[in-house]
Amino acid sequence: MRDNFEKSSPENAVEAVRRATRPVLRRRFYSQAGTAPAGEGFAVRLDDKPVCTPAGRILAAPTLALAEAIAAEWDAQRDVIDPAKMPLTRLANVIIDGVSDRPGPVAAEIRKYLATDLVCYRAAAPQGLVERQARHWDPIVAWARVALGAPFNLGEGVIHVVQPEPALAAAGAAIPRDSWLLGAVHTVTTLTGSALVALALSRDRLTAEEAWQAAHVDEDWNMAQWGRDEIALERRAFRFAEYQAAVRVLRSLQSARSDPSSLAL
């Protein structure tokens, strides 16, 4: 009787659903991953054979450092290939298969975030949160005003703040056109909830740590008051891996500007 109850308990039912919905992972079929020049970039190769994206395109990056980092993700796989542990590969696939073909809609999504940007919506209280938001967010707003010529309005609470069209246009003009930079900025925007944070990161106004802290001011404040939220922290850890992949793309391409030898000839 007890065995039957345990088999039909909610916890076991949930676990059964999880097992049924887990993707079947492909076994590792290669000895080593590497890179090779390919067109205007560097392709990832497995046992000297090309890797294809889900759309059947060659998995390649614009810089050698990026291609080597993607190859390292493939090399790090053991018995099976787990895409969940390969954030840079996933981002590369998205950029190659999606962003490169539709840069306009991707840029338009970033512009939507500018109209309701996280850093423009402030708390009225408590004072500690007000001060923390100001400390992390005021420099970003000031940077946008001075560096981009985009003066954004601030508001309290969740009431919609109408932003000046000239500010939206000026900040929108700073959205990169290069598909890899665009894909990375879009990823940071969606992960942080702020296009201004993403643009400041892409222009070296913020370090990766500063940008990530700015995105979690409210969440960190709540946990400081009420204790750790393990579920929220688990979600954040997964998002952080995605974020790190986007930052790696940004920094690699920034380095390539100052060292053209890192680009394919």
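**Exercise 1. Classify Asp204 as buried or exposed, then place Asp204 in the chain and describe its backbone.**

Solution.
Step 1. Asp204 has a relative accessibility of 51%, so it counts as exposed. The cut-off for exposed is over 50%.
Step 2. Asp204 sits in the loop between helix 9 and helix 10 (208-215).
Step 3. Its phi is positive, about 70 degrees, although Asp204 is not a glycine.

This structure is a predicted model.

**Exercise 2. Repeat the analysis for Asp48: state its exposure class, its loop and its phi.**

Solution.
Step 1. Relative accessibility is 59%, and therefore Asp48 counts as exposed.
Step 2. The loop that holds Asp48 runs between strand 3 (41-46) and strand 4.
Step 3. Phi of Asp48 is near 65 degrees, positive in a residue other than glycine.

**Exercise 3. Find which residues a cis peptide bond joins, and locate the proline.**

Solution.
Step 1. The cis bond joins Ala125 and Pro126. Omega is about -5 degrees.
Step 2. Pro126 belongs to the loop between strand 7 (121-122) and helix 6 (127-147).

**Exercise 4. Decide how far the model can be read, starting from the pLDDT of the chain.**

Solution.
Step 1. Mean pLDDT of the protein chain is 90. Of its residues, 88% reach 70 or more.
Step 2. Residues 1-11 have pLDDT below 50. Beyond near neighbours in sequence, this stretch has two contacts in the model.
Step 3. Residues 13-18 also have pLDDT below 50. Beyond near neighbours in sequence, they have one contact in the model.
Step 4. Where pLDDT is low, predicted coordinates should not be read in detail.

**Exercise 5. Summarise the fold in numbers: secondary structure, burial, contacts and surface.**

Solution.
Step 1. The chain has twelve helices and eight strands.
Step 2. Of its 265 residues, 42% are buried.
Step 3. Take contacts between residues at least 6 apart in sequence: 64% join residues at least 24 apart.
Step 4. The exposed area is about 14800 Å². Carbon and sulfur atoms supply 56% of that area.

**Exercise 6. Describe the largest pocket: its space, its lining and the elements that build it.**

Solution.
Step 1. The largest pocket holds about 400 Å³ of space.
Step 2. Its lining has 19 residues. Nearest the centre lie Arg26, Val51, Cys52, Trp74 and Ile81.
Step 3. Strand 4 (49-50) and helix 4 (87-99) each give two or more residues to this lining. Helix 4 supplies the largest share, three residues.
Step 4. By type, the lining of the largest pocket divides into twelve nonpolar, three polar and four charged residues.

**Exercise 7. Do the same for the second largest pocket.**

Solution.
Step 1. About 180 Å³ of space lies in the second largest pocket.
Step 2. It is lined by 13 residues, with Leu91, Val94, Gly183, His186 and Thr187 closest to its centre.
Step 3. Helix 4, helix 5 (103-115), helix 8 (179-192) and helix 12 (230-258) each give two or more residues. The largest share, five residues, comes from helix 4.
Step 4. The lining of the second largest pocket splits into six nonpolar, three polar and four charged residues.

**Exercise 8. Identify the buried residues of helix 7 and what covers them, then examine Gly104.**

Solution.
Step 1. In helix 7 (residues 165-172), Ala167, Leu168, Ala170, Ala171 and Gly172 are buried.
Step 2. Their cover includes helix 5 and helix 9 (195-202).
Step 3. Gly104 lies in helix 5. Its relative accessibility is 42%, so Gly104 counts as partly exposed.
Step 4. The C-alpha atoms of Gly104 and Arg177 are 8.8 Å apart, with 73 residues separating the two along the chain.

Definitions and conventions
Residues numbered from 1 in each chain as written. Predicted model: local features only at pLDDT ≥ 70, side-chain atom pairs only at ≥ 80, totals over all residues. Heavy atoms only, no water. 1 Å grid on protein atoms, 1.4 Å probe; cavity = no way out; pocket = protein on both sides within 12 Å on 5 of 7 lines; lining within 4 Å. Points joined across faces, edges and corners; volume = space filled by probe spheres on them. Helix = DSSP H or I, 4+ residues; strand = E, 2+ residues; numbered from the N terminus. Nonpolar A, V, L, I, M, F, W, Y, C, P; charged D, E, K, R; others polar. Buried < 20%, exposed > 50% of the residue type's maximum accessible area, 1.4 Å probe, protein only. Contact = heavy atoms within 4.5 Å. Areas by Shrake-Rupley, 256 points an atom, 1.4 Å probe, with all protein chains shown as cover. pLDDT = per-residue confidence, 0-100.
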